[in-house]
Amino acid sequence: MSGLTDLQVKALMELEYNFPLTSADPYADVASSLGVDEGTLLQELRLLRSRGVLKRVGFYYNFRSQGKDAALVALSAEDVDAVAKATAVDPLVTHSYLRDDPDYNVWIVVKRDNMDEIIKAAEELARVGRASRHVVLTSVRTYKLSVKYDLVRGVSRAGRYAVVPPRAPRPEALGVSPKLPEALRSLPLEPRPYSAAAKLSGLSEEEVVRLIPRLLEAGVLLDPGAAVDGESLGFKENGMVVMEPSGSPEELCEAAARSEYSTHVVLRSSIPEGAWRYPCYAMIHAVRRDLVEEVARIIARDAGAKSYRIIYSLRDLKPGVVR
């Protein structure tokens, strides 16, 4: 796939789906499972990182545990390049895409300390982009987060730690310094990769390894393992599936999250109220559009959606972001 060797494909798949959580040296464990030595594995991973294929190996630090709020802002923008320029320099914008939706052409994930600040940011983006209208889709609950790319099947598929608890505490509430989850976001491609995080947080490597399952269970940390750049691997089709419920929107999202192919499922509410009739949102990535459409149809059918749209990305307005 996309110029990868057989070893590179196996290494990425192993690090995406079977990242060892109880070892002080997960790279050594993965190398052993692949039948190579750790130095060979790390050399391949550094090469993949230099090519932009491997973004990082580590954990997603839940924005709610950082005391942040988040929303998806949709604009009907005339000046898309101006929006791209504005979002490129905003460190709290994590996604910004031009999409093919008939109502809104630019979709942006904005994080701030509270919703009032998000609404102000959305108004400013609408002004900059000369948008005729915009809507703020608040994140009521994230049901699932596990953005993994199955390099064999050619379609996104969530990992085993995909479920997100409804309420994630701050790390301090668990007696853990916030320096630790921050340091665990991106592990060095070196043997015993937890040593730097341990030193920074005043813990031993063994203590860090023991804390990781607890932080995952609480929802402070999410989605362990390799984060790869799907587009560079041929996953050109990025479909955002938005669903209208026939009954409870919560039940719709819960059902959508049960699909192994949905990588990110969020329940949203709109500001202004009633401005958007699709409260359940799921992401699908694939190498071909027909794969996205097949999976979306199955998810919407099995979840009991009244209707749904697939909104495809046309251009990444903030490429290269490591989330």
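Which strand is the place of Arg-112? Arg-112 sits in strand β4, which spans residues 106-112, and the first legend below starts from there. Everything shown belongs to a predicted model, in which local features need pLDDT of at least 70, side-chain atom pairs count only at pLDDT 80 or more, and totals for chains, interfaces and linings use all residues. Numbering runs from 1 along each chain as its sequence is written, and side-chain values use heavy atoms, with hydrogens and water left out.

**View A. Arg-112 in strand β4 is buried.** Its relative accessible area is 15%, where buried means under 20%, exposed over 50% and partly exposed in between (1.4 Å probe, protein chains only). Strands (E, at least two residues) and helices (H or I, at least four) are DSSP runs, numbered from the N terminus. The side chain of Arg-112 makes a polar contact of 2.7 Å with the side chain of Asp-90. For a polar contact, a pair of N or O atoms lies within 3.5 Å; within protein, one must be able to donate a hydrogen and the other to accept it, and residues adjacent in sequence count only if both atoms are side-chain atoms. Leaving aside neighbours within four places in sequence, Arg-112 is in contact with residues including Lys-68, Asp-69, Leu-92 and Glu-117; contact means heavy atoms within 4.5 Å.

**View B. Helix α4 (residues 80-88) and what covers its buried residues.** The buried residues here are Val-80, Ala-82, Val-83, Ala-84 and Thr-87. Their cover includes β2 (69-75), β3 (93-99), β4, α5 (115-128) and β12 (305-316).

**View C. Asp-223 and the largest cavity.** Asp-223 is found in strand β8 (residues 221-228) and has a positive phi of about 50° although it is not a glycine. At 10% relative accessibility, Asp-223 counts as buried. Asp-223 also lines the largest cavity, along with residues including Tyr-17, Lys-148, Arg-160 and Pro-224. That cavity holds about 80 Å³ of space, and α1 (6-17) and β8 each supply at least two residues of its lining. On a 1 Å grid over the protein atoms alone, a cavity is a set of points where a 1.4 Å probe fits but cannot get out, a pocket is an open set with protein on both sides within 12 Å along at least five of seven lines, and lining residues have an atom within 4 Å of a point. Grid points are joined across faces, edges and corners, and a volume is the space filled by probe spheres set on the points.

**View D. The second largest pocket, about 170 Å³ in volume.** Of the 15 lining residues, Lys-144, Ala-162, Val-163, Ala-257 and Arg-258 are the closest to the pocket centre. Two or more lining residues come from each of β5 (134-145) and α9 (249-257), and β5 gives the largest share, three residues.

**View E. Two loops with backbone features to look for.** Arg-192, in the loop between α6 (179-184) and α7 (195-201), has a positive phi of about 50° although it is not a glycine. At 36% relative accessibility, Arg-192 counts as partly exposed. Pro-272 lies in the loop between β10 (264-271) and β11 (280-286), and a cis peptide bond with omega of about 5° joins Ile-271 to Pro-272.
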